[in-house]
Amino acid sequence: YEVVGIAESDPELRKRHENNPIYKDIRWMTEEELLGTPGLQAVAVEVSSADDHIMEVTGRCIDAGMHVHLDKPGGKSFPAFKKVLDEAGRRKLTVQLGYMYRNNPAVQFCRNAVAKGWLGQVFEIDCVMNITHGLAYRKYLGGFRGGTMFIFACHLIDLVVGLMGKPDRIVSFPRQTRTDVDMEMCDNGLIVFEYPKTTATIRTASLEVEGYKRRQLVVCGDRGTIDIRPLEKFGMHPAQPLSLRLALAEDRDPYKKGYQDVSFPPPPGRYDEQLIELAQIIRGERDNPYPLEHELLVQQCLLEACGYPLS
């Protein structure tokens, strides 16, 4: 990638961030200048989900003929999300949502094991993405239906839908455990996805002590189990390899019957592999493993789980 510039129309946001070393030597420009850059093929869009401008900005990028890497979860309006992705499909453009666990090597191992039938009939999936938040962030969460579910469960819904497809039914249990926020908000949520032979639970909370270290994906089948806990090492012990626990009812070369640990080299960054993947898709070197239909389904399931209307 060659980074050509950054566009920020809010003068306060620009003032707050323009001296950040991350943006050193990067040209600040208007959106029109950015989208008019000769040879530009892709734009990364990150707009606060607290407002509903994210899909307006994304739509203008699509109209300009750009592929988009889009910050999750894609706003609160499903019709707006679908309209933009439908136009991207018509123009044969990629919209890649920034779900940070997609290229996690342990998650990819799990997806491949399920696809190969190593775990047999999957009957249970348990996902957790908890953390501890201060008062200011919990107030921010109060700006969304679903609170923690809207901001964090989207990552887990992406995993569950990638493994199991569209659920038959979605049931949510939003709870407000702490009362130090002067508004209704969910700081402790549970979502249940029902499938014909499987139930998946998705938990998100902003209350758990050291919750980051218990973020997990556990997939149980009648021929094996995969337990990834924690889901990643970033911010914890980056030098330690990522690992999972694998239980098998029979040998699956090179893995043996019974429980064993499987380790993976730490990935270079949360999004490195995903952005490399996007470049390969744009150049026509590979198919998109997460096509627009998948992005639409994840967004639909998320908004339904959080209580947003779908029409």
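## A walk through the chain, from core to loops

Of the 311 residues in the chain, 48% count as buried. Keep in mind as you click around that this is a predicted model.

**Whole chain.** Start zoomed out, with a cartoon view. You should find nine helices and 13 strands. The radius of gyration is 20 Å, close to the 19 Å that the globule rule gives for 311 residues, so the chain is as compact as a globular protein of that length. Put a box around the C-alpha atoms along the principal axes and it comes out at roughly 60 × 50 × 40 Å. If you like contact maps, take the contacts with a separation of 6 or more: 66% of them are between residues 24 or more positions apart.

**Surface.** Now switch on a surface. The chain exposes about 15,600 Å², and carbon and sulfur atoms supply 50% of that. Colour by charge next: there are 38 positive and 43 negative charges, and their mean positions are 4 Å apart.

**The core.** Hide the surface and go inside. In soluble globular proteins, nonpolar side chains tend to be buried together. Here the largest nonpolar core has 82 residues, and I157, F193 and L217 are those with the most contacts inside it. Which helix gives this core its largest share? Select residues 148-164: that is helix α7, and it contributes twelve residues.

Next, select F193 and show what is around it. Setting aside residues up to four places away in sequence, F193 touches I157, V160, V161, P167, R169, I170, T198, T199, A200, I202 and C301. I157, on that list, is also one of the residues with the most contacts inside the core.

**Loop one: R178.** Move to the loop between β7 (169-175) and β8 (188-194), where R178 lies. Is R178 buried or partly exposed? Its relative accessible area is 33%, so R178 counts as partly exposed. Leaving out neighbours within four places in sequence, R178 is in contact with H133, R138, D187 and L207. For a sense of scale, draw a distance from R178 to L35: the two are 143 residues apart along the chain, and their C-alpha atoms are separated by 44 Å.

**Loop two: K213.** Last stop: the loop between β9 (199-205) and β10 (216-221), home of K213. With a relative accessible area of 40%, K213 is partly exposed. Add R229 to the selection and check the C-alpha to C-alpha distance: K213 and R229 are 7.5 Å apart in space, with their positions 16 residues apart in sequence.

Note on methods: Residues are numbered from 1 along each chain as its sequence is written. This is a predicted model: local features need pLDDT of at least 70, side-chain atom pairs count only at pLDDT 80 or more; totals for chains, interfaces and linings use all residues. Side-chain values use heavy atoms; hydrogens and water are left out. A nonpolar core is a set of buried Ala, Val, Leu, Ile, Met, Phe, Trp, Tyr and Cys residues joined through side-chain atoms within 4.5 Å. Buried means under 20% relative accessible area, exposed over 50%, partly exposed in between (1.4 Å probe, protein chains only). Helices (H or I, at least four residues) and strands (E, at least two) are DSSP runs, numbered from the N terminus. Contact means heavy atoms within 4.5 Å. The radius of gyration is taken over C-alpha atoms; the globule rule is 2.2 Å times the number of residues to the power 0.38. Accessible areas come from the Shrake-Rupley method with a 1.4 Å probe; for residues, only the protein chains shown count as cover. Lys and Arg count as positive and Asp and Glu as negative; His and the chain ends are not counted. The place of a charge is taken as NZ of Lys, CZ of Arg, CG of Asp or CD of Glu.
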